[in-house]
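Student: Before we discuss any single residue, could you show me the model, so that each term we use can be set against its cut-off?

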Amino acid sequence: MAPTFNFVGMVVSDMPASLSFYRRLGLDIPADADTQPHVHIELASGMLLAWDTVETILSFDPNWQQPTGLGRVSMAFGCDNPAEVDKLFAELVAAGHRGHREPFDAFWQQRYATVLDPDGNAVDLYAPLT
């Protein structure tokens, strides 16, 4: 049997801040998760999305070092329409999150924007232009 890709994990420096950011994007994360060192949820697709504190990672990988600069992996959240991209981007920035790329009409026919989560991970917002 071939391996199945079904898990994406993130290392976070502030669990409540990170979970708050992803809740604003519509993920259903229990409120009591804010105090946990490891949190995971199952998405509608069956994929698992997880968050671990730095301390949790260091507990089993004492040589782990925090990366610097923007990463090479990003996540993307599909929106229903271009106006929703603009609205969600504005809401996240107003809530104190860093806008990385303001909404624009991409040549690949999508309205596209990028915000950074509390740990600097790029999170794209997109919707078809048509």
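Tutor: Let us start at one pair of strands, where isoleucine 41 stands opposite leucine 49 in β3. This is a predicted model, in which local features need pLDDT of at least 70 and side-chain atom pairs count only at pLDDT 80 or more, while totals for chains, interfaces and linings use all residues. Residues are numbered from 1 along each chain as its sequence is written, and side-chain values use heavy atoms, with hydrogens and water left out.

Student: In what sense do β2 and β3 pair, and over how many bridges?

Tutor: Two strands pair if DSSP finds at least two bridges between them, and β2 and β3 have 5 bridges in the antiparallel sense. Histidine 38, for instance, has aspartate 52 in β3 as its bridge partner. The two strands form a hairpin with 5 residues between them, and glycine 46 in the turn has a positive phi of about 95°. The strand names come from DSSP runs numbered from the N terminus (helices are H or I with at least four residues, strands E with at least two).

Student: Which strands are the edges of the sheet that contains β2?

Tutor: The open sheet has 3 strands in the order β1-β3-β2, with mixed pairing; β1 and β2 are the edge strands, since each pairs on one side only. α1 packs on this sheet and touches β1, β2 and β3, where contact means heavy atoms within 4.5 Å. The direction of α1 makes about 155° with that of β3, with axes fitted as lines to C-alpha atoms, for helices over the stretch in contact, and angles running from 0 to 180 degrees between N-to-C directions.

Student: Which side chains of β2 are buried, and which are not?

Tutor: Buried means under 20% relative accessible area, exposed over 50%, and partly exposed in between (1.4 Å probe, protein chains only). Val39 and Ile41 point to one face and are buried, whereas His38, His40 and Glu42 point to the other and are not. In a regular strand the side chains alternate between the two faces of the sheet.

Student: Why is threonine 114 called buried?

Tutor: Threonine 114, in strand β6, has a relative accessibility of 7%, and because the limit is under 20%, threonine 114 counts as buried.

Student: What makes the approach of threonine 114 to aspartate 124 a polar contact?

Tutor: A polar contact is a pair of N or O atoms within 3.5 Å; within protein, one must be able to donate a hydrogen and the other to accept it, and residues adjacent in sequence count only if both atoms are side-chain atoms. The side chains of threonine 114 and aspartate 124 make such a contact at 2.7 Å.

Student: Why is the pair of tryptophan 108 and tyrosine 112 called edge-to-face?

Tutor: Rings of Phe, Tyr and Trp (its six-membered ring) pair if their centres lie within 6.5 Å, and planes under 30 degrees apart count as stacked, over 60 as edge-to-face and the rest as tilted. Here the centres are 5.4 Å apart and the planes stand at 80°, so the pair is edge-to-face. Both residues belong to one aromatic cluster with Phe104, Phe107 and Tyr126.

Student: Why do tryptophan 108 and tyrosine 112 receive separate burial labels?

Tutor: Tryptophan 108 has 39% relative accessibility and therefore counts as partly exposed, whereas tyrosine 112, with a relative accessible area of 15%, is buried.

Student: How do you know that valine 85 is buried?

Tutor: Valine 85, in helix α3, has a relative accessible area of 0% and is therefore buried. Among the residues that valine 85 touches, not counting those up to four places away in sequence, are Tyr112, Leu125 and Tyr126.
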